[in-house]
Amino acid sequence: MDNVLKIYAKGSVRSVRVTTGVYAILLTYKNREKTISGRKFDITKNELELFAVLEGLKMLTKSGKTKSITIVTESHYIEQGINKHIKTWSKNGWENAKGLDIKNKELWQELWEDYLRINPMIKAEIGEHPKIKELITYERKVAELSGIDV
């Protein structure tokens, strides 16, 4: 685990359409952990997943250089985008193979800028962490108590 910082990120919505959702982020580095969670309104599932990853990257501080960052997600959309597509999209003007703008272009561009700014090797893998599930459950309960359907 040495100098590997892990960002566990998850977004959860009840519908794939534009809706309200909850997100949770857990950063682990050596023996330390930091978490945040919250709600987002008028957002799709994939946007929420990207938002959570970006929020995780924004939580990083300049202290303690890491050799690599691993983003752990349950989303194949995020994992494939980071590991297989983002470099090509950036070179192709954020267009897909059909010449159309990629979905969630602005969020992918922001993720790319964070990727370049931080400048270690960033990879993504499929996985989860029990604390993420706890945070998502907590945010759902808080939202429901507030009368918000998530």
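**Sheet, helices and cores in a predicted model**

Trainee: In what order do the five strands form the open sheet?

Mentor: This model is predicted. Its five strands form an open sheet, and the pairing is mixed. The twist averages 20° from one strand to the next. The order is E3-E2-E1-E4-E5.

Trainee: Which strands stand at the edges of the sheet, each with a single partner strand?

Mentor: An edge strand has a single partner, so one side of it is left without a neighbour in the sheet. The two strands in this position are E3 (32-43) and E5.

Trainee: How many bridges join E1 to E4?

Mentor: Strands E1 and E4 run parallel. Opposite Lys6 stands Thr70 in E4. The number of bridges joining E1 to E4 is five.

Trainee: What angle does the direction of H1 make with that of E1?

Mentor: Helix H1 packs on the sheet, where it touches E1, E2, E3, E4 and E5. Helix H4 (residues 130-145) also packs on the sheet, touching E1, E2 and E3, and its direction makes about 145° with that of E2. For H1 and E1, the angle is about 150°.

Trainee: Which element gives the most residues to the largest nonpolar core?

Mentor: The largest nonpolar core has 31 residues, and Trp108 is one of those with the most contacts inside it. Several elements each supply at least two residues of this core, including strand E1 (4-13), helix H2 (76-91) and helix H3 (105-118). Another core, of 10 residues, lies apart from it and includes Tyr8 and Leu135. The element giving the most to the largest core, with seven residues, is H1.

Definitions and conventions:
Residues are numbered from 1 along each chain as its sequence is written. This is a predicted model: local features need pLDDT of at least 70, side-chain atom pairs count only at pLDDT 80 or more; totals for chains, interfaces and linings use all residues. Side-chain values use heavy atoms; hydrogens and water are left out. A nonpolar core is a set of buried Ala, Val, Leu, Ile, Met, Phe, Trp, Tyr and Cys residues joined through side-chain atoms within 4.5 Å. Buried means under 20% relative accessible area, exposed over 50%, partly exposed in between (1.4 Å probe, protein chains only). Helices (H or I, at least four residues) and strands (E, at least two) are DSSP runs, numbered from the N terminus. Two strands pair if DSSP finds at least two bridges between them. Axes are lines fitted to C-alpha atoms, for helices over the stretch in contact, and angles run from 0 to 180 degrees between N-to-C directions. Contact means heavy atoms within 4.5 Å.
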